[in-house]
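The exercises below are meant to be worked through with the sequence and the 3D structure side by side. Try each task on your own before you read the solution that follows.

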Amino acid sequence: MKKTILVTGGAGYIGSHTVVRLLEAGMKVVVFDNLCNSSSTTIERIERISGTRPEFVEGDILNEDAILHSLQKFSVDAVIHFAGLKSVGESVSNPLTYYKNNVVGTLNLLNAMRQLNVKTLVFSSSATVYGTGSTPPIAETAPRSVTNPYGRSKLIVEEILEDLYRADPDWKISVLRYFNPVGAHPSGLIGEDPRGIPNNLMPYVAQVAIGRLQFLSIYGNDYPTIDGTGIRDYIHVMDLAEGHLAALNYIDRKPALAAFNLGTGRGVSVLQMVDAFERATGKRVKYEFANRRKGDVATSWADPSLAFQEMGWKASRSVEEMCADAWRWQSTTL
Ligand code: NAD
Ligand code: WQD
């Protein structure tokens with residue numbers, strides 16, 4: 001029988017790509033999203049890509065009854081929980097908003113799931129839970145520490161899930177720690193649509209290339225790295241989407257609580273990323289060097305071997321594909 005998956009935040013960037021993959025794998029999908037950082041046109045585009053329209057509930061995870069209602073109405077088997085706020089800077093200015101949305105919202109979801117005995121969950125965590133203290137490649141066993149309320153909201157939820165599993169081992173929980181998600185669906189129909197001036201590198205680069213922003217400020221060229229600029233583990237959003245499918249299959253086979261890094265295991269510098277973008281798109285990206293950004297680490301990349309060993313998942317898309325797909329989305333749809 002077809003499984004029904006409730007996807008909170010399924011109209012957002014990573015959620016929408018995952019919904020496409022779930023539909024393509026023959027699952028039934030219910031998107032539960034309050035559209036605070038997305039638009040319902042994404043649902044139409046998901047249908048155009050996959051040939052199937054997911055159910056869509058415009059709902060808020062701060063409303064436990066609304067979650068209960070959807071879980072019941074659609075006889076949900078499992079939940080993938082993307083809904084949350086994700087801006088580090090905003091979380092520093094508005095910590096309570098972040099704790100309410102990301103922590104209280106998750107508690108509501110867990111309570112509703114428990115009431116209906118839906119005990120299978122994939123949770124969007126982040127490499128941000130590794131803080132600044134670890135030397136890459138970073139494995140799941142690295143100590144966790146956080147430096148801002150956004151990161152703390154992820155860490156708190158991870159700890160709540162651990163307590164929940166300890167109290168009731170019937171839960172099947174997969175915690176996925178994403179490194180730096182970039183790129184878009186190859187159709188160019190869905191992708192990342194940041195509001196205002198982007199904070200993250202790839203959307204900023206794409207907006208410079210299209211002429212919306214004048215130049216990229218590269219934060220720091222004096223790091224102890226190959227070219228002085230910061231190194232990150234950029235991962236194609238379609239690889240991430242496939243990681244969620246693998247995680248769902250895995251917790252079905254091997255019920256437990258497990259955390260996995262979703263990264264490529266490869267570090268790429270800011271200058272290497274700019275160069276890859278220019279080669280993949282034929283567009284010039286003007287840049288200037290600026291001071292280091294507060295809170296940035298020099299290097300971060302994953303040890304993704306556990307996800308391969310346990311779930312059989314590994315990222316396969318190149319940096320050039322990430323750039324070409326991000327550009328197709330930026331230049332044809334946004
Ligand atoms: P996104 O903002 O594009 O998607 C989040 C979705 O959740 C949006 O559609 C938004 O409308 C919805 N949402 C937010 N609060 C909600 C609420 N209270 N009720 C219902 N819906 C709500 O973000 P994304 O990049 O797709 O991130 C998805 C998840 O992955 C988030 O939890 C984020 O913290 C995590 N994550 C993202 C990154 C990244 O760099 N993009 C990295 C690591 C982890
Ligand atoms: C990447 C590199 C910058 C912008 C953030 C969050 C993290 C996670 C992913 C959610 C760094 C440099 C960037 C610019 C630049 N999100 N840069 N000029 O900081 O690794 O991670 O997004 O969980 O929590 O902190 O990603 O894309 O902002 O930066 O030089 O205009 O690009 O210094 O070296 P980051 P990023």
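**Exercise 1. Which atom of ligand 2 lies 2.8 Å from a polar side-chain atom of Arg-293?**

Solution. Please keep in mind throughout that the model is a predicted one.

Step 1. The partner of the polar side-chain atom of Arg-293 is an oxygen atom of ligand 2, and the two lie 2.8 Å apart. Taken alone, ligand 2 exposes 690 Å², of which the protein buries 86%.

Step 2. Look next for further polar neighbours: Arg-232 brings a polar side-chain atom to 2.6 Å from an oxygen atom of ligand 2, while Leu-201 uses a polar backbone atom, which is 2.8 Å from an oxygen atom of the ligand.

Step 3. Widen the view to the 19 residues that surround ligand 2, among which Ser-126, Tyr-150, Ser-217, Arg-232 and Asp-296 are the closest. Sorted by class, this shell holds nine nonpolar, seven polar and three charged residues.

Step 4. Helix 7 (201-209) and strand 8 (216-219) each contribute at least two residues to the shell, and strand 8 gives the most, with four.

**Exercise 2. Describe the surroundings of ligand 1, beginning with its polar partners and ending with the elements that supply its shell.**

Solution.

Step 1. Two side chains come first: an N or O atom of the Asp-33 side chain is 2.6 Å from an oxygen atom of ligand 1, and for the side chain of Asn-37 the corresponding distance to an oxygen atom of the ligand is 2.7 Å. Cys-36 takes part through its backbone, with an N or O atom 3.0 Å from an oxygen atom of ligand 1. The protein buries 95% of the 820 Å² that ligand 1 exposes when taken alone.

Step 2. The shell consists of 26 residues, and the closest are Ile-14, Asp-33, Asn-37, Ser-38 and Tyr-150. Eleven of the shell residues are nonpolar, eleven are polar and four are charged.

Step 3. Helix 1 (13-24), strand 5 (120-126) and helix 6 (149-167) each supply at least two residues, with strand 5 giving the most, namely three.

**Exercise 3. Which residues of helix 3 are buried, and which are exposed on the other side?**

Solution.

Step 1. Within helix 3 (residues 64-73), the residues Ile-67, Leu-68, Ser-70 and Leu-71 are buried. These four lie on the same side of helix 3, because they cover an arc of only 165° around its axis.

Step 2. A general rule helps here: an α-helix has 3.6 residues a turn, so residues three or four places apart point the same way.

Step 3. Asp-65, His-69, Gln-72 and Lys-73 are exposed on the other side of helix 3. The buried residues, by contrast, pack against strand 1 (4-8), strand 2 (28-33), strand 3 (55-58), strand 4 (78-81) and helix 5 (95-115).

Step 4. Finally, inspect the ends: Asn-63 caps the N-terminal end of helix 3 with a side-chain oxygen 3.2 Å from the backbone nitrogen of Asp-65, and just after the helix Ser-75 takes a positive phi of about 45°.

**Exercise 4. Is Ala-78 buried or exposed, and which residues is Ala-78 in contact with beyond its neighbours within four places in sequence?**

Solution.

Step 1. Ala-78 lies in strand 4 and has a relative accessible area of 4%. Since buried means under 20%, Ala-78 is buried.

Step 2. Leaving aside neighbours within four places in sequence, Ala-78 is in contact with Thr-4, Ile-5, Leu-6, Val-118, Thr-120 and Leu-248.

Step 3. Take Thr-120 from that list: Ala-78 and Thr-120 are 42 residues apart in sequence, yet their C-alpha atoms are 4.8 Å apart in space.

Notes:
Residues are numbered from 1 along each chain as its sequence is written. Chains are lettered from A and ligands numbered from 1 in the order in which they are written. This is a predicted model: local features need pLDDT of at least 70, side-chain atom pairs count only at pLDDT 80 or more; totals for chains, interfaces and linings use all residues. Side-chain values use heavy atoms; hydrogens and water are left out. A residue is near a molecule or strand if one of its heavy atoms lies within 4 Å of it. A polar contact is a pair of N or O atoms within 3.5 Å; within protein, one must be able to donate a hydrogen and the other to accept it, and residues adjacent in sequence count only if both atoms are side-chain atoms. Accessible areas come from the Shrake-Rupley method with a 1.4 Å probe; for residues, only the protein chains shown count as cover. Ala, Val, Leu, Ile, Met, Phe, Trp, Tyr, Cys and Pro count as nonpolar, Asp, Glu, Lys and Arg as charged, and the others, Gly among them, as polar. Buried means under 20% relative accessible area, exposed over 50%, partly exposed in between (1.4 Å probe, protein chains only). The arc is that of the directions from the helix axis to the C-beta atoms. Contact means heavy atoms within 4.5 Å.
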